[in-house]
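The following report describes how a ligand is held by the chain shown below. Please keep the structure in view while reading.

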Amino acid sequence: MIQKPKGTRDILPEEIYKWQYIEKKIQELFKNYGYKEIRVPVFENTELFQRGVGDTTDVVQKEMYTFDDKGGRSITLRPEGTAGVVRAYIENGMASKQSPIKMFYNMAMYRYENVQKGRLREFHQIGAEVFGTASYMADVESITMANEIFKILNIPNVELTINSIGCPTCRAEYQKVLKKFLEKNIDKYCYTCQTRFEKNPMRILDCKEEKCKELNMGAPIILDYLCDECKNHFENVKKLLTEIGIDYKIDPGIVRGLDYYTKTVFEFISKEEGYTVLAGGRYDGLVEELGGKQTPALGFALGMERIVEIYEKYNKENLVKEENPKLYIAGIGEKANTLATILVKKLRENGVNVQKDIVERSIKAQFKYADKIGAKYVLTIGEDEINNNKAKLKNMETGEETEIELDVENIQKHIEI
Ligand code: ATP
Ligand code: MG
């Protein structure tokens, strides 16, 4: 038997309703914040991610699915959503529209990861990006929207942590100090960290290796080196968050795994699970880096697999239920079958979830099946019923039976009480 590739999973019909419920709730929320959906290609030219995500990041150096297509172009399956959305923003001339431009996506991502709990090679992210605003109020609105997700899904124990990683101006000064700190022990760091020392020393602070994490303890923090503008921006973000009652913790250790971030970065961490479910930040340099005009922007992405897992955990009692059929029409004989076919067709056109036999089961087996799929009512049609134009409608929950007339409006009226 051919098995699925490592790090992928099937989302089965039995569980998909939870995904759909969560996606719908999040999309409704985003809509109220003025976001519209965008869908971008699964694959892009490799250069987009090298330049966008950054060629000294783990994502680009270790995790991308990159291949040459038959035309000899280097292609990469998207490892994240922002770079593609930014490319689309530039390529479609969205900069000329009224800002801010708010877009969200719901897409599969591909990363060659060490597969473990909550870490897959194909996974799904919902993300939200806003372009064309440098204001701290945009940061706060984005964080507020993210925070709201956990409220509407009834997911407690998620902690918001924020940090500022400054801009190229303050980073220049900081990197000098950081390099001095790292230099002393640089030969003790992992190979990857050593290669990043010259090009991008801040990346070393995001290394997941235990020995590097230990060596990083006591490293200078960028918060102490922010320029006036970045400091001011961060103060305003914190102040407004406090004023509107959103709790946060400052974690100077957040540097994020993608190079494009500037100023505010944030993560929502599930305290019990110990993993980040949603992460994002400002990326004021990215549009320009990818060939557009200088455009301040920011966004976040949440991991669907992780959200579904914790949603289930905290909503055991009142987990959204799968929608069962309202009605099953059981038929005996060819004529009844024809009538049943016509009735279900019309009812379905009217938006009713109604099922009938399509495997030629006996009437007894049809009833059994209707029970198994959780049909709320069963309508039984035979020769007599056709002649009298009346049939018995059984409420499967109460066992109560009513004789009703066999026209679509009437059936619908009885099952929708
Ligand atoms: P980490 O440091 O944990 O690797 P990251 O910086 O790579 O995280 P992002 O790229 O910002 O994470 O992704 C945002 C969110 O997407 C994560 O918080 C997580 O919920 C989800 N996510 C990221 N990678 C994976 C994966 N391999 N499998 C499942 N979900 C993931
Ligand atoms: Mg990662």
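In this predicted model, an oxygen atom of ligand 1 is 2.8 Å from an N or O atom in the side chain of Gln125. Such a pair is a polar contact, that is, a pair of N or O atoms within 3.5 Å. The table lists this contact with two that involve the backbone.

| Ligand 1 atom | Protein partner | Distance |
|---|---|---|
| oxygen | Gln125, N or O atom in the side chain | 2.8 Å |
| nitrogen | Leu120, polar backbone atom | 2.8 Å |
| oxygen | Val277, polar backbone atom | 3.2 Å |

Taken alone, ligand 1 exposes 600 Å², and the protein buries 91% of that; accessible areas come from the Shrake-Rupley method with a 1.4 Å probe.

The shell around ligand 1 holds 17 residues, of which Arg111, Glu113, Arg119, Gln125 and Arg256 come nearest; a residue is near a molecule if one of its heavy atoms lies within 4 Å of it. By class, the shell has six nonpolar, five polar and six charged residues, where Asp, Glu, Lys and Arg count as charged and Gly is among the polar ones.

Three strands, β6 (122-131), β10 (275-282) and β11 (297-303), each supply at least two residues of the shell. The largest share, four residues, comes from β10. Strands are DSSP runs (E, at least two residues) numbered from the N terminus.

The chain is divided into domain 1 (13-167 + 227-314) and domain 2 (327-415), with bounds from an automatic or database domain assignment. Their C-alpha centres lie 48 Å apart.

Residues are numbered from 1 along each chain as its sequence is written, and chains are lettered from A and ligands numbered from 1 in the order in which they are written. Local features need pLDDT of at least 70, side-chain atom pairs count only at pLDDT 80 or more, and totals for chains, interfaces and linings use all residues, while side-chain values use heavy atoms, with hydrogens and water left out.

Notes
Polar contact = N/O pair within 3.5 Å; in protein donor to acceptor, adjacent residues only side chain to side chain.
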